[in-house]
Amino acid sequence: MNDTLYQAAALIVPLIFAIVFHEVAHGWVARALGDPTAERMKRLSLNPLRHVDPIGTLVLPGFLALVKAPVFGWAKPVPVNKWMLRNPRTGMMMVAIAGPASNLILAGIAALLLGVMARQIGGLPPAGSLAHFLVLNLLNFISINVFLALFNLLPIPPFDGSHVVEGLLPRSWAAVFERMRPFGFPVVLLLLIVLPSLIPGFDPVGKLVVPPVDWLTGHYLGFADRLAG
């Protein structure tokens, strides 16, 4: 049980920070592009309590970790009013990209810290030590941020990738795509949870998201390894 709690703490803490930064990044870019909605609602804070969604940030990721499925989650979405952006069409694309971009930057920072820490301690720290807990957190922080970045680029509402697709489509097609948004979450549940449980081998996340996540995570870890010497 102690080991389970240890592993859970080293997973949930990085996940919360990754999700919070992801959401706040949306708000920061929206404010820079003319929409102060998130700032007025005090949602640009890095205080996790302002953003945590009990189901999406705690219960679902914990359950996925227990069943050894890909861990993902969400926070309370930062409010963005696209009509207050100086250019709503391209502005929403930039606001959407800000979330995944922040995760990739955070993964790079974690890789840097991991490499510096490994160089300082001269190898793997003893299991159960504070240094070992920090290393495990940094490793999880890298993999979680990379997964969140690429997972959120899926072109399905309500993921960030859907706003990028909408901004790239001709305006008439974009209007049709936008009307499909209310059906996005049920489609996500169907594709990512229901069908994989009913159809053996049907695993869109494992086939489409995990390979590039593994590839990119390997590059971050390689960077950390080079820093460690």
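Here are some exercises with worked solutions on this structure, which is a predicted model.

**Exercise 1. The largest pocket**

Work out how much space lies in the largest pocket, which residues lie nearest its centre, and which helix gives the most to its lining.

Solution.
- Step 1: start with the volume. The largest pocket holds about 670 Å³ of space.
- Step 2: look at the wall. The lining takes in 29 residues, and those nearest the centre are Glu-23, Pro-77, Asn-152, Pro-158 and Asp-160.
- Step 3: sort the lining by character. You get 21 nonpolar residues, five polar ones and three charged ones.
- Step 4: trace the lining back to helices. At least two residues each come from H1 (2–32), H4 (88–121), H5 (130–151), H6 (160–168) and H8 (184–198). H8 gives the most, with five residues.

**Exercise 2. A bond next to the pocket centre**

Pro-158 turned up among the residues nearest the pocket centre. Find out whether the peptide bond from Pro-157 to Pro-158 is cis or trans.

Solution.
- Step 1: place the residue. Pro-158 sits in the loop between H5 and H6.
- Step 2: check omega. For the bond from Pro-157 to Pro-158 it is near 10 degrees, and that bond is cis.
- Step 3: set that against the general rule. Most peptide bonds are trans.

**Exercise 3. The nonpolar cores**

Say which residues of the largest nonpolar core touch the most other members, and which helix gives the most to this core.

Solution.
- Step 1: find the hubs. The largest nonpolar core has 30 residues, and Phe-151, Val-209 and Tyr-220 touch the most other members.
- Step 2: list the contributors. H1, H4, H5, H8 and H9 (204–228) each give two or more residues to this core.
- Step 3: pick out the top one. That's H5, with nine residues.
- Step 4: don't stop there. A second, separate core has five residues, among them Ala-30, Leu-33, Met-92 and Val-95.

**Exercise 4. Rings in H5**

Describe the geometry of the aromatic pair formed by Phe-147 and Phe-151.

Solution.
- Step 1: count the pairs. A search of the whole structure turns up two aromatic pairs.
- Step 2: take the Phe-147 and Phe-151 pair. The centres are 5.3 Å apart and the planes make an angle of 15 degrees, so with a cut-off of under 30 degrees the pair counts as stacked.
- Step 3: put the rings on the helix. Both residues lie in H5, four residues apart, or about one turn of the helix.
- Step 4: check burial. Phe-147 has a relative accessible area of 8% and is buried, and Phe-151, at 2%, is buried too.
- Step 5: widen the view. Ring pairs join Phe-147, Phe-151 and Phe-159 into a cluster.

**Exercise 5. Two alanines**

Decide whether Ala-10 and Ala-107 are buried or exposed, then list their contacts beyond four places in sequence.

Solution.
- Step 1: Ala-10 lies in H1. Its relative accessibility is 0%, so Ala-10 counts as buried.
- Step 2: beyond its sequence neighbours, Ala-10 is in contact with Phe-133, Leu-136, Asn-137 and Asn-140.
- Step 3: Ala-107 lies in H4. It also comes out at 0% relative accessibility and is buried.
- Step 4: with neighbours within four places set aside, Ala-107 is in contact with Ile-142, Asn-145, Val-146 and Tyr-220.
- Step 5: compare sequence and space. Ala-107 and Leu-221 are 114 residues apart in sequence, but their C-alpha atoms are 9.6 Å apart. Ala-10 and Gly-161 are 151 residues apart in sequence and 28 Å apart, C-alpha to C-alpha.

**Exercise 6. A charged residue and a valine in H6**

Find out whether Glu-166 counts as buried or exposed, and why.

Solution.
- Step 1: Glu-166 lies in H6.
- Step 2: its relative accessibility is 11%, which is under the 20% cut-off, so Glu-166 counts as buried.
- Step 3: look at what surrounds it. Outside its sequence neighbours within four places, Glu-166 is in contact with Lys-82, Arg-89, Ala-174, Phe-177, Glu-178 and Arg-181.
- Step 4: now take Val-164, also in H6. At 17% relative accessibility, Val-164 is buried, and beyond four places in sequence it touches Met-93 and Ile-97.

**Exercise 7. A positive phi**

Locate Lys-42 and say whether it is buried or exposed.

Solution.
- Step 1: Lys-42 is in the loop between H2 (37–40) and H3 (54–66).
- Step 2: its relative accessibility is 55%, so Lys-42 counts as exposed.
- Step 3: check the backbone. Phi of Lys-42 is near 55 degrees, a positive value in a residue other than glycine. Most residues other than glycine have a negative phi.

Terms used. Residues numbered from 1 in each chain as written. Predicted model: local features only at pLDDT ≥ 70, side-chain atom pairs only at ≥ 80, totals over all residues. Heavy atoms only, no water. 1 Å grid on protein atoms, 1.4 Å probe; cavity = no way out; pocket = protein on both sides within 12 Å on 5 of 7 lines; lining within 4 Å. Points joined across faces, edges and corners; volume = space filled by probe spheres on them. Nonpolar A, V, L, I, M, F, W, Y, C, P; charged D, E, K, R; others polar. Core = buried A, V, L, I, M, F, W, Y, C linked by side-chain atoms within 4.5 Å. Buried < 20%, exposed > 50% of the residue type's maximum accessible area, 1.4 Å probe, protein only. Contact = heavy atoms within 4.5 Å. Phe/Tyr/Trp six-rings, centres within 6.5 Å; stacked < 30°, edge-to-face > 60°.
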